[in-house]
Amino acid sequence: MESIGVLMLCPMSAYLEQELQSRFNLFKLWTVPQKPQFLKEHASSIRAVVGNAAAGADAELISALPKLEIVSSYSVGVDKIDLDKCREKGIRVTYTPDVLTEDVADLAIGLILAVLRRLCASDRYVRSGAWKKGDFRLTTKFTGKTVGIIGLGRIGMAVAKRAEAFNCPISYYSRRAKPDIQYTYYPSVVELASNCDILVVACPLNEETWHIINRGVIDALGPKGVLINIGRGPHVDEPELVSALVEGRLGGAGLDVYEKEPEIPEELFGLENVVLLPHVGSGTVETRTAMADLVIGNLEAHFLNKPLLTPLV
Amino acid sequence: MKSSHAHILVLEPPPIMIICGDQFLKNFRLLKAWESQLPLDQFLTIHAQSVQALLSSGRYSLTADILQLLPSLRLVVTTSAGLNHIDLPECRRRGISIANAKDTYSEDVADMAVGLLIDVFRKISSADSFVRKGLWPTKGDFPLGSKLGGKRVGIVGLGSIGQEVAKRLQAFGCRISYCSRNKKPYVSYPFYSSVIQLATDCDVLIVCCGLTQQTHHMINKDVMLALGKEGVVVNVGRGAIIKEEELVQCLVQGELGGAGLDVFENEPKVPGELFALDKVVLSPHTAVRTAETLIAMCELVKGNFEAFFSNKPLLSPVVLNN
């Protein structure tokens with residue numbers, strides 16, 4: 001398979017790079033001096049693209065790679081891939097569901113606790129020596145608070161299961177109510193936000209869910225409400241979120257994703273009721289290895305004419 | 001009811017009174033010993049002879065000597081869950097009832113323990129700090145953390161707090177075992193009679209027990225070495241349960257993988273060597289300091305005194321064993 005050209009779109013995993021390099025003819029797009037020149041020279045040998053949450057095979061790239069057969073994403077979110085175009089051209093798409101579900105859900109709860117109990121702010125408080133001068137202020141209890149989840153897929157369900165262990169009543173919004181689920185369903189995000197203390201974004205990003213967290217939802221969540229985003233930055237109208245937080249109209253936020261990563265609105269840096277993470281939802285050694293193995297496994301299966309492990313298209 | 005019956009003696013203000021004031025006890029007459037210029041024994045001899053009820057801060061030692069100066073005392077309400085500060089045999093001898101915090105704090109403390117554990121494993125505070133310093137665009141990716149699911153968690157002390165911790169961490173796919181003075185009859189988690197055996201078989205130790213002579217410095221270098229280089233210790237009990245000097249040494253020398261600490265041997269002093277480590281998360285003893293729990297504690301204290309003075313059963317009585 002060493003002659004098969006695989007194009008990796010950005011740095012994502014040294015382990016994955018190594019493994020791809022040893023099996024295929026790996027091209028690293030970020031090392032290329034002139035993209036158009038590179039594509040002219042190598043496009044006809046590239047049969048696979050490996051992308052991630054940050055970079056995917058969009059329409060332009062797909063058009064530039066006439067021999068493209070498979071896009072294997074090192075992520076579960078596929079919003080950066082032009083899925084329609086892939087379907088149209090018979091290009092397979094694989095992703096990495098399940099292996100990262102637990103880590104992302106763990107992080108959601110970690111963010112909730114970090115915001116409500118001010119874990120990061122109080123860690124800074126101790127490190128600065130401020131504890132010697134006085135106690136930290138009172139924080140907010142998590143156990144028993146109502147958790148509202150947008151999107152009750154694998155990750156949403158895993159978040160619910162964990163929150164239930166904290167005696168949190170669970171409610172949710174999704175396109176349709178799920179028949180076998182005991183949690184309280186709300187047919188709109190605003191109603192969900194009005195009736196919960198903590199709102200967690202756990203749905204895929206697409207046209208319908210773009211800016212699903214808008215001014216109306218933020219107002220409904222209110223000055224004691226907390227927003228947790230473990231989905232995609234564009235789920236949230238970021239300028240609205242920032243002004244709500246700065247003005248105290250929203251109680252707090254735990255964010256792992258942003259509209260223009262790695263840029264984060266600086267106004268958030270001064271806020272104690274906000275926890276800011278650099279898109280680490282699946283960021284554990286164990287899970288990233290499992291994700292890389294899935295990418296490789298899917299590519300190998302494809303080129304050996306075996307069934308794909310985790311196909312989306 | 002004679003007005004003297006509704007007096008409550010307070011030797012030093014409990015944390016709830018310092019934070020919330022004393023409005024919650026406005027229906028009672030508070031005898032505030034700390035406000036007097038008199039030495040305590042004189043104050044009690046002059047003012048507290050007919051006092052039947054005492055509000056304890058959970059810290060001031062209620063010794064037999066002090067109890068002797070309170071001949072009418074029939075009730076001690078303490079804002080703590082622990083009873084180490086009270087001479088229990090003397091109270092039993094005198095027929096003095098005790099009401100404590102019961103498990104009012106347990107959920108908050110368990111939440112804190114889980115929060116600290118996730119923070120250490122997933123480097124939440126460290127990553128937040130990285131982002132706030134503007135390093136994400138320049139330095140790129142943040143180091144990977146460690147998965148919580150499947151990790152073996154050893155709970156040291158399976159009381160009310162330990163059980164709440166266990167229940168939460170099971171939902172994260174952690175494998176729970178514990179050590180305790182005695183094996184708990186209705187609990188299915190594997191029991192270990194020694195903390196060092198527990199540490200040998202675990203990836204994480206969560207200290208949830210009280211501080212006693214037996215538990216003092218129980219988590220020492222041997223235990224930490226048994227836990228191992230990837231091991232993580234979380235302490236929401238009392239600082240002195242861990243031999244702090246050895247904890248710092250193990251962390252600095254890489255013998256221990258990380259720690260989440262809400263309590264320290266000499267609060268508010270925290271060993272400076274820990275400040276340079278981002279595998280450590282530090283918290284200024286805030287495990288029970290949520291607005292909700294403080295209000296609940298005020299209600300419980302008030303409710304206990306109201307019950308007592310109207311001859312009703314206490315809300316959170318302590319049963320004194322022989």
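# A walk through two chains

Let's start with chain B, where UniProt, in an unreviewed entry, places the feature "domain: D-isomer specific 2-hydroxyacid dehydrogenase NAD-binding" at residues 114-287. Keep in mind as you look around that this is a predicted model. Over that stretch, residues 114-287 of chain B, the chain is 32% helix and 16% strand, and the end C-alpha atoms are 11 Å apart. UniProt also has a second unreviewed feature for chain B, "domain: D-isomer specific 2-hydroxyacid dehydrogenase catalytic", at residues 47-318. For that span, the end C-alpha atoms lie 27 Å apart, with 35% helix and 14% strand.

Now step back and take in chain B as a whole. You can pick out 12 helices and 12 strands, and the C-alpha trace spans about 70 × 45 × 35 Å along its principal axes. Chain B has 322 residues, and 53% of them count as buried. About 14,000 Å² of chain B is exposed, and carbon and sulfur atoms supply 49% of that. How does the chain hold together in terms of contacts? If you take the contacts in chain B between residues at least 6 apart in sequence, 59% join residues at least 24 apart. As for charges, chain B has 33 positive and 31 negative ones, and their mean positions are 4 Å apart.

Let's zoom in on one helix. Helix α8 of chain B runs over residues 160-170, and its buried residues are Gly162(B), Glu164(B), Val165(B), Ala166(B), Arg168(B) and Leu169(B). Here is a handy bit of background: an α-helix has 3.6 residues a turn, so residues three or four places apart point the same way. What covers the buried residues of α8(B)? The cover includes the helix α5 (106-122) and the strands β6 (152-156), β7 (175-179) and β9 (204-207), which belong to chain B too.

Next, follow chain B to the loop between β12 (280-282) and α12 (291-309), where you'll find Arg289(B). Is this arginine buried or exposed? Arg289(B) is buried, because its relative accessible area is 15% and the cut-off for buried is under 20%. Leaving out residues up to four places away in sequence, Arg289(B) touches Ile19(B) and Leu294(B) in chain B, and also Asp135(A), Phe136(A), Leu138(A) and Thr139(A) in chain A. Try tracing the chain from Arg289(B) to Val109(B) as well: they are 180 residues apart in sequence, yet 9.3 Å apart in space, C-alpha to C-alpha.

That loop between β12 and α12 of chain B holds another residue to look at, Thr286(B). Thr286(B) is buried, with a relative accessible area of 2%. Which residues does Thr286(B) touch, not counting those up to four places away in sequence? They are Arg117(A) and Phe136(A) from chain A, plus Met112(B) and Asp262(B) from chain B. Phe136(A) is on the contact list of Thr286(B) and on that of Arg289(B).

Those contacts bring us over to chain A. Chain A has 11 helices and 12 strands. Its radius of gyration is 21 Å, close to the 20 Å that the globule rule gives for 313 residues, so chain A is as compact as a globular protein of that length. The C-alpha trace of chain A spans about 65 × 50 × 30 Å along its principal axes. Of its 313 residues, 59% count as buried. The accessible surface of chain A comes to about 13,000 Å², with 49% belonging to carbon and sulfur atoms. Among the contacts in chain A between residues at least 6 apart in sequence, 58% join residues at least 24 apart. The mean positions of its 33 positive and 38 negative charges are 2 Å apart.

UniProt has unreviewed annotations for chain A as well. The catalytic one, "domain: D-isomer specific 2-hydroxyacid dehydrogenase catalytic", is listed for residues 11-310, a span that is 36% helix and 15% strand. The NAD-binding one is placed at residues 109-281 of chain A, where the chain is 29% helix and 14% strand and the end C-alpha atoms are 11 Å apart.

Our last stop is Ile296(A), in helix α11 (residues 285-303) of chain A. Ile296(A) counts as buried, at 4% relative accessibility. Not counting residues up to four places away in sequence, Ile296(A) touches Leu16(A), Glu19(A), Leu20(A) and Arg23(A). Now look for Val275(A): Ile296(A) and Val275(A) are 21 residues apart along the chain, and their C-alpha atoms are separated by 34 Å.

Terms used: Residues are numbered from 1 along each chain as its sequence is written. Chains are lettered from A and ligands numbered from 1 in the order in which they are written. This is a predicted model: local features need pLDDT of at least 70, side-chain atom pairs count only at pLDDT 80 or more; totals for chains, interfaces and linings use all residues. Side-chain values use heavy atoms; hydrogens and water are left out. Helices (H or I, at least four residues) and strands (E, at least two) are DSSP runs, numbered from the N terminus. The radius of gyration is taken over C-alpha atoms; the globule rule is 2.2 Å times the number of residues to the power 0.38. Buried means under 20% relative accessible area, exposed over 50%, partly exposed in between (1.4 Å probe, protein chains only). Contact means heavy atoms within 4.5 Å. Accessible areas come from the Shrake-Rupley method with a 1.4 Å probe; for residues, only the protein chains shown count as cover. Lys and Arg count as positive and Asp and Glu as negative; His and the chain ends are not counted. The place of a charge is taken as NZ of Lys, CZ of Arg, CG of Asp or CD of Glu. UniProt positions are given in the numbering used here, feature names are shortened, and annotations may be inferred rather than shown by experiment.
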